[in-house]
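Here are some worked exercises to go through with the model open beside you. Try each task on your own before you read its solution.

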Amino acid sequence: MLTLYKEKAPVSGVLFDMDGLVVDTEWMYSRFWTEACRFYGFPMTKEQSLQMRSLNHNLGQAKLHELFGENADYETIRKKRIALMDAYVLENGVAPKPGIYELLDALDEKQIPRAVTSSSPQARIRAYLEPLGLYHRFGRIVTAYDVPHGKPEPDIYLKGAQVLGLAPEKCLALEDSPSGILSASRAGCLSVVIPDQDQPDADTLSRVYAKADSLADIIGLL
């Protein structure tokens with residue numbers, strides 16, 4: 001189902017978050033942030049782990065300090081989270097989110113350009129997308145490492161629109177997290193939330209152009 005919150009606008013390009021949006025990995029971040037924190041003696045809950053989604057380094061560190069005090073070191077815990085998650089993915093792989101192939105087929109048919117705009121590094125994006133036959137279906141890949149500031153700052157979506165040669169307001173920005181929606185809306189994109197681990201709150205919904213149940217629903221916005 002698709003719910004439109006603002007007047008329908010023309011779409012010239014589409015910007016995709018990756019984790020929890022293109023591939024079903026957001027639950028892994030929740031699980032392994034929790035496990036990594038507990039490894040170092042910090043009893044993170046699932047609800048707390050969801051607050052870490054798409055945060056840049058500074059905000060991630062601030063959030064851990066808020067939750068567990070000054071001894072909770074972001075880089076140390078993050079490295080453990082990455083090691084745990086990489087080991088899991090190596091053994092089990094990742095799955096595509098429902099509707100991704102249908103949406104990309106529709107974009108091909110309508111000749112609408114698209115890019116990935118993810119907080120993950122290039123190597124991880126390729127490792128996740130290539131085995132699914134998805135990596136080369138995106139015209140460009142933009143990461144938080146390509147811009148001065150990661151999500152929830154607008155940089156990554158401004159860069160994504162720029163590499164497509166489009167104004168941000170002509171681009172759909174597809175996200176599953178509050179931080180991602182904040183980033184996209186600050187950039188001026190037509191931000192669309194496709195919930196993954198939880199439903200958006202009122203603040204997030206106030207920023208979106210639309211809400212969809214799956215990627216296939218986005219075809220109705222093209």
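**Exercise 1. Two unusual backbone spots**

Task: In which loop does Gln111 lie, and what is its phi?

Solution. Start with the place: Gln111 lies in the loop between helix 5 and strand 3, where helices (H or I, at least four residues) and strands (E, at least two) are DSSP runs numbered from the N terminus. Next, read the torsion: phi of Gln111 is near 55°, a positive value in a residue other than glycine. For background, most residues other than glycine have a negative phi, and most peptide bonds are trans. Now look at the second spot, where the peptide bond from Lys151 to Pro152 is cis, with omega near 15°. Pro152 sits in the loop between strand 4 and helix 7 (155-164).

A word on the ground rules: this is a predicted model, in which local features need pLDDT of at least 70 and side-chain atom pairs count only at pLDDT 80 or more, while totals for chains, interfaces and linings use all residues. Residues are numbered from 1 along each chain as its sequence is written, and side-chain values use heavy atoms, with hydrogens and water left out.

**Exercise 2. The sheet**

Task: In what order do the seven strands of the open sheet run, and which strands stand at the edges?

Solution. First, the order is 1-7-6-5-2-3-4, with mixed pairing; two strands pair if DSSP finds at least two bridges between them. Second, strand 1 (2-4) and strand 4 (140-143) are at the edges; each has a single partner strand, so one side of each is left without a neighbour in the sheet. Third, neighbouring strands are turned by 20° against each other on average, direction ignored. Fourth, take one pair: strand 6 and strand 7 (residues 210-212) pair in the parallel sense over two bridges, and Val193 stands opposite Lys211 in strand 7. Finally, helix 5 (residues 100-110) packs on the sheet, where it touches strand 2 (13-16), strand 3 (114-118) and strand 5 (171-175). The direction of helix 5 makes about 155° with that of strand 2.

**Exercise 3. Helix 1 against helix 4**

Task: At what angle do helix 1 and helix 4 pack, and which classes of residue make up their contact?

Solution. Begin with the geometry: helix 1 (residues 26-39) and helix 4 (residues 74-92) pack at about 125°, with their axes 8 Å apart. That makes helix 1 oblique to helix 4, since angles under 35 degrees count as roughly parallel, over 145 as roughly antiparallel, 65 to 115 as roughly perpendicular and the rest as oblique. Axes here are lines fitted to C-alpha atoms, for helices over the stretch in contact, and angles run from 0 to 180 degrees between N-to-C directions. Then sort the contact by class: there are 14 nonpolar, no polar and five charged residues. The classes are nonpolar (Ala, Val, Leu, Ile, Met, Phe, Trp, Tyr, Cys and Pro), charged (Asp, Glu, Lys and Arg) and polar (the others, Gly among them).

**Exercise 4. Helix 3 against helix 4**

Task: Which residues of helix 3 and helix 4 make the contact?

Solution. The axes of helix 3 (residues 57-68) and helix 4 come within 9 Å and cross at roughly 100°. Helix 3 and helix 4 are therefore roughly perpendicular to each other. His57, Gly60, Gln61 and Leu64 of helix 3 meet Tyr74, Glu75 and Ile77 of helix 4, with contact meaning heavy atoms within 4.5 Å. By class, this contact has three nonpolar, three polar and one charged residues.

**Exercise 5. Around Asp196**

Task: Which residues is Asp196 in contact with, leaving aside its neighbours within four places in sequence?

Solution. Locate Asp196 in the loop between strand 6 (190-193) and helix 9 (202-205). With those neighbours set aside, Asp196 is in contact with Gly20, Asp24, Glu26, Trp27, Lys97 and Asp176.
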